Each structure stands twice: as C-alpha cells, then as structure tokens.
Amino acid sequence: MALRNAVMAALLKGEASGYDLAKAFDATVANFWMSTPQQLYRELDRMEAEGLVTARVVEQKRRPNKRLFSLTEAGRKAVHAYTAEPLGKPAVIRDELLVKVQCLDAGDMEAVRTAIAERMEWATAKLARYERLRQRLLDGRSEEAYFAEAERIGPYLTLLRGMSFERENLQWGDMALRRLEQRTAALRADG
C-alpha cells in the first residue's frame, strides 16, 4: 500500500491542512499506517501535481499561510480504483521488541522485561486514546445505531481493529512478563 492511499483515506473526511492531516493520521490511521509529517507533505505535493488533490491557500494574520487540501474527482476515482485492487501479501511484523525477546536468553533479561513493560504502557495509552475517539464517533449512540446511521463506517471499523491490536499487545505482554518472572524464579532456585 502506498502512502497516497492512506492520505486519500484521511481526506475522505473532508478538506484539511497538512498539519491537520498529520494530527489526524496520529488519531485515525496510525493504527495501520505510520508516516512522518515530512513524508506526508511530500506526498501531498506529488498528489497535487498528479491532480489527485487540490489545495487552496488560506491567509492567516499571525501565522504563516496554510494550504487546505481536498480530494479531486480524480482522487475519488483513485480511491475507488484502489479499493477494487486485489490485496497484496499480508503485512509482516517488523518489531524490534520481538527481536530483543528472541535474544533474551543470551542478553539482558531485565532490560527486555523493562522494554515489554514500556510497550504495555504505550499500548494502554493508545487504547485509551482510541476509546476516546470511539466515544466521539459514537456520539452517544450504540454501535448498532452508528452502523445504521453513520455516513462513513470505515473509520470506525479500522478503529476497532486498532483497539483489538492494542488489546492483544497487552495480553501478550502480560503473558510474556509472567513467563519471564517464572524463568527468573527457576534460575534463582537452580543458582
């Protein structure tokens, strides 16, 4: 998947500045796509040159002018074409923490334990942020009512996937810490 597809997905909500898109990326698509603000701005420039987005300049008095981007008709057609494409290979996990866990028997077990605990803190914070976003999307409605009434359900479905991912990270981390504690206790008993 190209960054442009994630940008177009974010612009389906409506017009946004590059700064707003970077913030929205953190809150919406970050559970399945990561990008730096620099990558985002470069992609927006390319997309504008290709006619997928249009930008209008908004003059500001005490700040630099900003550009607001929106999808063009060609951009909407590109979104439609993208969703019709067959999927590529499933994503692979590339996670430095898992490499450290793989090495822990020959490495610093305490440092790996700390890294797992930090990852769990990160997952807990993301889950709380996702839950706040979920409540904003639901706006007092049940999920059933949301799915029946909402103009767009894709963002909610991807949010649920992100929440599921973070819950699984917490379950795995809890299990891993328990197993590390058992291993440490066994080594102490043998030592």
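Visitor: In this predicted model, does Arg-56 count as buried, partly exposed or exposed, and why?

Guide: The class follows from the relative accessibility, where buried means under 20% and exposed means over 50%. Arg-56 has a relative accessibility of 42%, and because that value falls between the two cut-offs, the residue counts as partly exposed.

Visitor: Which residue forms a salt bridge with Arg-56, and which parts of the chain does the pair tie together?

Guide: The closest N and O atoms of the pair are 2.7 Å apart, and the partner of Arg-56 is Glu-15, which is itself partly exposed with a relative accessible area of 40%. Arg-56 lies in strand E2 and Glu-15 in the loop between H1 and E1, so the salt bridge ties together parts that are 41 residues apart in sequence. The partner is therefore Glu-15, and the parts tied together are strand E2 and the loop between H1 and E1.

Visitor: In what order do the three strands of the open sheet stand, and what is the sense of their pairing?

Guide: The edge strands, each pairing on one side only, are E1 (16-17) and E2 (53-58). E2 pairs with E3 over six bridges, with Val-53 opposite Leu-71 and Val-57 opposite Arg-67, while E1 pairs with E3 over two bridges, with Ser-17 opposite Leu-68. The order is E1-E3-E2, and the pairing is antiparallel.

Visitor: Which elements give two or more residues to the largest nonpolar core, and which of them gives the most?

Guide: This core has 19 residues, and those with the most contacts inside it are Val-7, Leu-11, Leu-21, Phe-25 and Leu-40. Two or more residues come from each of helix H1 (3-11), helix H2 (18-27), helix H3 (37-49) and strand E3 (66-71). The element that gives the most, with six residues, is H1.

Visitor: Which residues does Leu-11 touch, not counting those up to four places away in sequence?

Guide: Leu-11 is among the residues with the most contacts inside the largest nonpolar core. With residues up to four places away in sequence left out, the residues that Leu-11 touches are Ala-16, Leu-21, Val-53, Phe-69 and Leu-71.

Visitor: How many residues form the other core, which lies apart from the largest one?

Guide: Among the members of this other core are Leu-97, Leu-104, Ile-116 and Leu-180. Its number of residues is eight.

Visitor: What span should H3 have at 1.5 Å a residue, and how far apart are its end C-alpha atoms?

Guide: The expected span is 1.5 Å times one less than the number of residues, and for the 13 residues of H3 this gives 18 Å. The end C-alpha atoms of H3 agree with that expectation, their separation being 18 Å.

Visitor: Within what arc do the buried residues of H3 fall, seen down its axis?

Guide: The buried residues of H3 are Leu-40, Glu-43, Leu-44 and Met-47. An α-helix has 3.6 residues a turn, so residues three or four places apart point the same way. Seen down the axis of H3, its buried residues line one face of the helix, because they fall within an arc of 105°.

Visitor: Which residue meets Glu-43 in a salt bridge, and are the two partners buried or exposed?

Guide: The side chain of Glu-43 meets that of Arg-4 at 3.1 Å, N to O. Glu-43 lies in helix H3 and Arg-4 in helix H1, so the pair ties together parts that are 39 residues apart in sequence. Salt bridges that share partners also join Arg-4, Glu-43, Arg-46 and Glu-50 into one network. The partner of Glu-43 is Arg-4, and both residues are buried.

Visitor: Which parts does the salt bridge between Asp-95 and Arg-119 tie together?

Guide: The two side chains meet at 2.7 Å, N to O, and both residues are partly exposed, Asp-95 with a relative accessible area of 21% and Arg-119 at 28%. The pair ties together parts that are 24 residues apart in sequence, because Asp-95 lies in the loop between helix H4 (73-84) and helix H5 (96-103) and Arg-119 in helix H6.

Visitor: How many salt bridges does a search of the whole structure find?

Guide: The salt bridges found include that of Glu-15 with Arg-56 and that of Asp-95 with Arg-119. Over the whole structure, the number found is 14.

Methods:
Residues are numbered from 1 along each chain as its sequence is written. This is a predicted model: local features need pLDDT of at least 70, side-chain atom pairs count only at pLDDT 80 or more; totals for chains, interfaces and linings use all residues. Side-chain values use heavy atoms; hydrogens and water are left out. A nonpolar core is a set of buried Ala, Val, Leu, Ile, Met, Phe, Trp, Tyr and Cys residues joined through side-chain atoms within 4.5 Å. Buried means under 20% relative accessible area, exposed over 50%, partly exposed in between (1.4 Å probe, protein chains only). Helices (H or I, at least four residues) and strands (E, at least two) are DSSP runs, numbered from the N terminus. Contact means heavy atoms within 4.5 Å. Two strands pair if DSSP finds at least two bridges between them. The arc is that of the directions from the helix axis to the C-beta atoms. A salt bridge is a side-chain nitrogen of Lys or Arg within 4 Å of a carboxyl oxygen of Asp or Glu.
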